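Please open the model in a viewer and keep the sequence panel visible. The tour below proceeds by selections, each followed by a description of what is found there.

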Amino acid sequence: MSSSENIPAANFIRQIITNDLEQQKHTDVVTRFPPEPNGFLHIGHAKSICLNFGVAAENNGLCNLRFDDTNPEKESIEYMQAIEKDVAWLGFEWAELKHSSDYFEALYDFAVQLINKGLAYVDNLSAEQIREYRGTLTEAGKESPSRSLSIAENLDLFARMRAGEFADGAYVLRAKIDMASPNINLRDPALYRIRRVHHQRTGDAWCIYPMYDYTHCISDALEGITHSLCTLEFADHRALYDWILDNIEIDCHPQQIEFARLALEYTIVSKRKLNRLVTEGHVSGWDDPRMPTIAGLRRAGYTAASIRDFCERIGVTKKDAWIEMAVLENCIREDLNNNALRAMAVLEPLKVVIENYPSDGLEILEMSNHPQDESRGKRKVPFSQVIYIEQDDFADVPPPKYKRLIAGGEVRLRGAYVIKCNEVIKDDAGKVIELRCSYDADTLGKKPEGRKVKGVIHWVSAEHALDAEIRLYDRLFNVANPDAEDDFCDAINPDSLTIIKQAKLEASLAAAKPDVGFQFERVGYFCVDAMDSRSDKLVFNRTVTLRDTWFAK
RNA sequence: UGGGCUGUCGCCAAGCGGUAAGGCACGGGGUUUUGAUCUCCGCAUGCCCAGGUUCGAAUCCUGGCAGCCCAGCCA
């Protein structure tokens with residue numbers, strides 16, 4: 001591995017951090033990854049995870065995992081567990097595991113501070129009224145009558161909100177900033193709402209819950225975060241982030257820096273929409289291999305290293321960028337090409353009888369586990385008279401430049417002999433159902449005498465083959481940007497999953513484990529399905545095809 | 001139309017006033033018992049547009065144009 005591979009690519013956030021360290025604005029870097037536990041993490045989160053944990057690690061700093069659990073209606077412990085698993089699987093260690101709810105008491109006290117400074121008030125306007133009072137993008141809003149309540153009245157009302165004296169939605173605590181601000185986030189934003197919902201961690205201790213804008217900056221400050229990295233849509237919220245920290249008694253003021261969220265062609269990265277795919281049954285779950293979730297990618301056979309590599313390659317900027325699927329695919333192909341052991345599997349079997357081979361004959365051939373890396377050793381592959389080859393590897397009427405098996409032609413069986421097709425057997429419908437061939441005994445490990453055989457195809461001994469189900473996944477959507485559709489579900493690719501019920505695998509695959517991918521030579525990269533595969537009913541998922549410059553299907 | 005942000009190759013992306021890195025994709029050559037891999041070569045006289053400053057501009061200034069985000073008691 002060359003040293004250049006370890007030098008992280010330049011980006012504006014790394015630049016800011018390096019500069020802050022040089023200027024001694026900070027002596028240490030502390031970041032955080034703050035997911036809301038309302039769904040599974042997806043590839044877009046991976047970008048944020050790699051950034052936050054990455055810049056911390058590069059500077060010998062710390063990164064916390066903090067669940068932003070201020071809206072119990074949508075959140076659950078199950079999602080928290082899935083998130084922890086995914087972050088750890090990606091290869092990152094958090095310094096501390098925190099929850100915004102850990103700070104509910106402190107948050108309440110800071111709210112009292114704001115009230116005491118005359119900077120927050122309790123409003124009895126309804127949600128609809130607040131919306132009307134807020135104004136529009138081009139017109140200033142108007143002040144709520146509650147804005148003139150005294151500090152004592154506000155203190156009393158806020159205490160009674162907490163005490164549960166009011167109905168849900170009857171009151172809200174608002175910051176008193178500027179109803180005419182061109183930044184709508186500053187038009188007296190809500191800080192607390194009343195909501196009698198059981199919280200997954202605090203139970204029924206609270207009936208008021210703090211809003212994101214109010215919670216996030218204070219949580220950051222309480223944890224001593226130096227750089228609070230978030231996506232672009234929060235840029236307008238930075239003024240509020242700063243306003244809150246400037247107006248409470250706290251000695252830490254993290255710097256919020258925004259970067260562009262990931263957009264990947266042919267996928268969606270919106271938890272709300274991914275949730276819909278799951279609940280409407282378009283996929284089998286959050287971890288369906290077609291999902292752009294970390295769990296889905298893992299189940300499909302993506303490695304953590306390939307996802308980290310992807311996140312490094314796409315960069316970090318403030319520009320809305322669309323990443324082509326080919327970038328992600330290249331990352332996993334590169335990893336698996338280097339690391340996956342090779343094996344042979346026939347997806348659509350065609351029976352081949354080698355007539356001049358003894359019917360009770362058996363040879364145990366040795367094949368490289370990795371042709372480019374002999375240190376990976378060899379494996380034993382049985383060869384016998386009846387084998388299966390891929391239906392696609394025989395053509396009755398070959399297209400131009402076809403270099404596999406044709407009637408009367410020769411082809412190399414990978415790691416074994418050269419065979420010649422003598423007879424083609426078809427069923428009544430004209431479909432090729434069997435080939436009668438002969439083999440050249442003098443071609444094992446050596447080139448045939450006096451002629452060239454161009455094609456090489458994979459095969460499996462019929463008697464020794466393992467049956468397996470193979471799931472071929474394709475892109476979930478037919479359009480590059482499903483979000484642009486009236487309903488993104490209309491763009492779902494009906495052929496995103498093809499199930500092959502009875503593929504034939506070489507026997508060595510019986511011991512395959514879900515977390516280690518294989519290259520099925522000439523076909524693609526596959527791994528055992530972690531959920532459905534059993535020793536008596538193997539199930540493999542296709543992670544990605546091999547690059548195919550000859551025939552793009 | 002108020003505010004915020006962005007515009008460098010088909011897709012990403014370095015560049016920070018000294019004369020356009022790199023990756024993906026694409027095209028072509030070589031090696032190959034995987035039409036894979038590997039390898040070699042090609043791929044922006046130009047950086048949204050127009051002016052200006054300068055010996056010199058993708059980088060600075062001015063003015064346009066285009067795109068994205070914001071009017072949840074969501075995050």
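**First stop: a buried glutamate**

Select Glu434, which is found in strand β22 (residues 432-440); helices (H or I, at least four residues) and strands (E, at least two) are DSSP runs, numbered from the N terminus. The model is predicted, and local features need pLDDT of at least 70, side-chain atom pairs count only at pLDDT 80 or more, while totals for chains, interfaces and linings use all residues. Residues are numbered from 1 along each chain as its sequence is written, chains are lettered from A and ligands numbered from 1 in the order in which they are written, and side-chain values use heavy atoms, with hydrogens and water left out.

Glu434 has a relative accessible area of 11% and is therefore buried. Buried means under 20% relative accessible area, exposed over 50%, and partly exposed in between (1.4 Å probe, protein chains only). Not counting residues up to four places away in sequence, Glu434 touches Leu350, Lys351, Val353, Glu423, Val424 and Ile425, where contact means heavy atoms within 4.5 Å. Its side chain also makes a polar contact with the side chain of Arg436 (2.9 Å). A polar contact is a pair of N or O atoms within 3.5 Å; within protein, one must be able to donate a hydrogen and the other to accept it, and residues adjacent in sequence count only if both atoms are side-chain atoms. Next, add Cys50 to the selection: Glu434 and Cys50 are 384 residues apart in sequence and 52 Å apart in space, C-alpha to C-alpha.

**Second stop: the domains**

Colour chain A by its division into domain 1 (4-100 + 214-327), domain 2 (104-211), domain 3 (345-458) and domain 4 (468-544). These bounds come from an automatic or database domain assignment. Taken over C-alpha atoms, the centres of domain 2 and domain 4 are separated by 50 Å.

**Third stop: the largest nonpolar core**

Select Phe158, Met161, Leu173, Tyr192, Ile208, Tyr214 and Ile218, the residues with the most contacts inside the largest nonpolar core, which has 37 residues. A nonpolar core is a set of buried Ala, Val, Leu, Ile, Met, Phe, Trp, Tyr and Cys residues joined through side-chain atoms within 4.5 Å. The elements that give two or more residues to this core are α4 (104-116), β4 (120-123), α6 (151-163), β5 (172-175), β6, β7 (208-210), α7 (212-222) and α8 (238-247). Helix α4 gives the most, with seven residues. Domain 1 and domain 2 both give residues to this core, so it lies between them.

Centre the view on Tyr214. Leaving aside neighbours within four places in sequence, Tyr214 is in contact with Leu107, Phe110, Ala111, Leu114, Leu191, Tyr192 and Ile244. Apart from this core lies another, of 36 residues, among them Phe33, Leu90, Val269 and Ile314.

Move to Ile218, found in helix α7. Ile218 counts as buried because its relative accessibility is 0%. With the neighbours within four places in sequence left aside, Ile218 is in contact with Leu107, Phe110, Ile244, Leu245 and Ile248.

In helix α8, select Asn247. Is Asn247 buried or exposed? At 18% relative accessibility, Asn247 counts as buried. Beyond its neighbours within four places in sequence, Asn247 is in contact with Leu114, Lys117 and Leu119.

**Fourth stop: RNA strand B**

Display RNA strand B, which 72 residues surround; the closest are Thr70, Trp322, Arg414, Gln519 and Thr549. A residue is near a molecule or strand if one of its heavy atoms lies within 4 Å of it. Of the strand's atoms within 4 Å of the protein, 67% belong to sugar or phosphate and the rest to bases.

Three pairs of atoms may be inspected here:

- A sugar or linking oxygen of RNA strand B lies 3.0 Å from a polar backbone atom of Ile314.
- A base oxygen of the strand lies 3.1 Å from a polar backbone atom of Lys403.
- A sugar or linking oxygen of the strand lies 2.3 Å from an N or O atom in the side chain of Arg414.

Helix α12 gives the most to the surface near RNA strand B, with four residues.

**Last stop: two loops**

Select Lys401, in the loop between β18 (394-395) and β19 (405-406). Lys401 has a positive phi of about 65° although it is not a glycine. Then select Arg522, in the loop between β27 (518-520) and β28 (524-528). Arg522 likewise has a positive phi, of about 70°, and is not a glycine.
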